[in-house]
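Work through these short exercises with the structure open. Each task is followed by a solution in steps.

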Amino acid sequence: MTEQSAVLNLPNNQTFQIPIIEPVAGKPCLDIRKLGSQTQHFTYDSGFLSTASCRSTITFIDGEQGELWYRGYPIEQLAEKCNFLEVAYLLKNGELPNAQQKSEFENIVVHHSLIHEQLIKFYQGFRRDAHPMAVMTGVVGALSAFYHDVMDFRTQQDRDTSYVRLLGKMPTIIALAYKYSIGMPFMYPDNELSYSGNFLRMMFSNPCEEFKLNPVIERALDIIFILHADHEQNASTSTVRLAGSSGANPFACIAAGIACLWGPAHGGANEACLKMLEEIGDIKNIPHYIKRAKDKDDNFKLMGFGHRVYKNFDPRAKLMKKVCHQVLQELNLQDDPLFKLAMELEKIALEDDYFVSKQLYPNVDFYSGIVQKAIGIPTKMFTCVFALARTAGWLAQWEEMITDPEYKIGRPRQIYVGHQKRDVPDLLQR
Ligand code: CMC
């Protein structure tokens with residue numbers, strides 16, 4: 001819906017009428033798509049500080065109010081009333097499933113949890129001490145070599161099949177990376193268990209003992225998955241969309257998303273945050289690290305703090321802190337020193353002028369490492385858990401893109417600041 005417009009005055013008395021698009025929620029956008037072809041001018045916005053890359057109906061963030069909705073539903077209500085697979089269904093299909101759809105969807109996802117036996121051999125090519133995100137990037141990318149039977153993504157059927165394959169196999173792929181890294185036997189999935197229950201069993205059971213699932217931990221992990229399931233056009237989601245815009249298959253696109261997520265400014269922050277808390281070590285050392293975070297000449301940042309969009313608080317961080325309390329209580333770890341340290345660090349930072357004036361608040365990654373560590377997930381695997389959950393959102397975003405009538409291959413322009421055209425000198429004259 002375009003009602004208003006703005007006028008851009010360019011050199012040589014050139015003007016350009018800019019339509020203004022009013023979103024359902026959020027800020028109006030200037031539609032500059034025809035600017036280049038009509039005026040021979042482009043826009044510059046490195047880091048997409050002011051640029052929307054697509055229209056989307058999936059997720060909405062209100063950074064000022066600290067709100068997050070999936071398909072219009074607030075994250076707090078979804079975390080309370082739904083499980084992760086219902087949320088995944090919602091992200092993909094636009095509506096929550098009814099009881100029958102829920103049971104059918106859960107059934108089909110768990111029945112795609114096995115991975116090809118040949119793919120299991122693939123792991124042996126990796127060093128045992130390889131970072132599991134490196135393994136995941138490789139193994140997920142390799143899935144396209146196994147499922148080339150379903151590659152006509154113009155059809156709903158092939159898109160749906162790839163979706164349940166990726167979602168179903170992700171816990172198995174991650175658990176296998178973990179088992180391989182510690183030299184333990186691989187545990188096959190158990191289709192009787194819930195999505196998160198099955199992941200916990202594949203991670204922590206072994207063939208010699210009976211495995212008892214703790215329902216509090218199972219539910220906590222499910223909520224962690226819900227909180228990480230989507231987050232509109234963040235770096236990894238934009239990577240998935242950009243990769244997919246060339247027509248690349250979803251396995252390749254998700255592998256690209258995983259690679260991007262790994263970075264410490266994005267999903268890798270949960271691992272970096274836990275390492276930072278361990279490095280701080282004691283409440284008495286907090287002022288020193290706060291000072292470092294504020295020092296322009298020091299590249300140290302308070303990991304788990306700050307967000308491009310949230311300028312009030314990250315609603316996921318609040319929920320994560322609650323989950324953290326529940327898990328630590330269930331495991332009798334209320335006195336966990338890292339949790340105490342994190343709460344004190346949060347308190348001190350939130351009272352500090354630097355963090356207040358720059359609107360830096362704890363983000364989802366601040367408490368997620370502490371919960372995951374308490375559950376027994378090794379630090380190196382934290383971002384894998386994030387990737388597992390985000391696969392639901394990445395795939396929904398990928399499908400929205402390739403079915404969008406406005407979809408085009410992503411192809412940014414640049415401002416060239418290199419040499420003028422020049423001649424190649426002969427070797428002896430260089
Ligand atoms: N500690 C200290 N200073 C910070 C921090 C921090 N964590 N975050 C931002 N700042 C400062 C930054 O130095 C800058 O200062 P100045 O204006 O003087 O140059 C100002 O605050 C604005 O920061 P920015 O880096 O320009 O903001 P951005 O929107 O480009 O980056 C961010 C957002 C999340 C990458 C950044 O806040 C950060 O690196 N945080 C730590 C890493 C982290 O926790 N990442 C997880 C993000 S949430 C989960 C996810 O989406 O993956």
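**Exercise 1. List the residues that Phe-84 touches, leaving out residues up to four places away in sequence.**

Step 1. This is a predicted model. Start at Phe-84 and look for its contacts with Leu-167, Tyr-195 and Asp-222.
Step 2. Add Phe-225, Ile-226 and Ala-229.
Step 3. Finish with Leu-388, Ala-389 and Ala-392.

**Exercise 2. Place Phe-84 in the largest nonpolar core.**

Step 1. This core has 117 residues.
Step 2. Phe-84, Leu-167 and Met-170 have the most contacts inside it.
Step 3. Helix H18, residues 382–402, gives the most to this core: 14 residues.
Step 4. Set this beside a general trend: in soluble globular proteins, nonpolar side chains tend to be buried together.

**Exercise 3. Describe the surroundings of the ligand and find its polar contacts.**

Step 1. The ligand is surrounded by 22 residues. The closest are His-266, Leu-302, Gly-304, Arg-308 and Lys-358.
Step 2. Sort the shell by type: 11 nonpolar, 6 polar and 5 charged.
Step 3. Take the ligand's oxygen atoms. One lies 3.4 Å from a backbone N or O atom of Gly-267. The side chain of Lys-301 has an N or O atom 3.3 Å from an oxygen atom of the ligand.
Step 4. Turn to nitrogen. A ligand nitrogen atom is 2.9 Å from a backbone N or O atom of Phe-305.
Step 5. Check the cover. Alone, the ligand exposes 930 Å², and the protein buries 75% of that.

**Exercise 4. Is Gln-429 buried or exposed?**

Step 1. Find Gln-429 in the segment after H18.
Step 2. Its relative accessibility is 60%. Exposed means over 50%, so Gln-429 counts as exposed.
Step 3. Compare positions. Gln-429 and His-41 are 388 residues apart in sequence and 39 Å apart in space, C-alpha to C-alpha.

Technical notes: Residues numbered from 1 in each chain as written. Predicted model: local features only at pLDDT ≥ 70, side-chain atom pairs only at ≥ 80, totals over all residues. Heavy atoms only, no water. Near = heavy atom within 4 Å. Polar contact = N/O pair within 3.5 Å; in protein donor to acceptor, adjacent residues only side chain to side chain. Areas by Shrake-Rupley, 256 points an atom, 1.4 Å probe, with all protein chains shown as cover. Nonpolar A, V, L, I, M, F, W, Y, C, P; charged D, E, K, R; others polar. Core = buried A, V, L, I, M, F, W, Y, C linked by side-chain atoms within 4.5 Å. Buried < 20%, exposed > 50% of the residue type's maximum accessible area, 1.4 Å probe, protein only. Helix = DSSP H or I, 4+ residues; strand = E, 2+ residues; numbered from the N terminus. Contact = heavy atoms within 4.5 Å.
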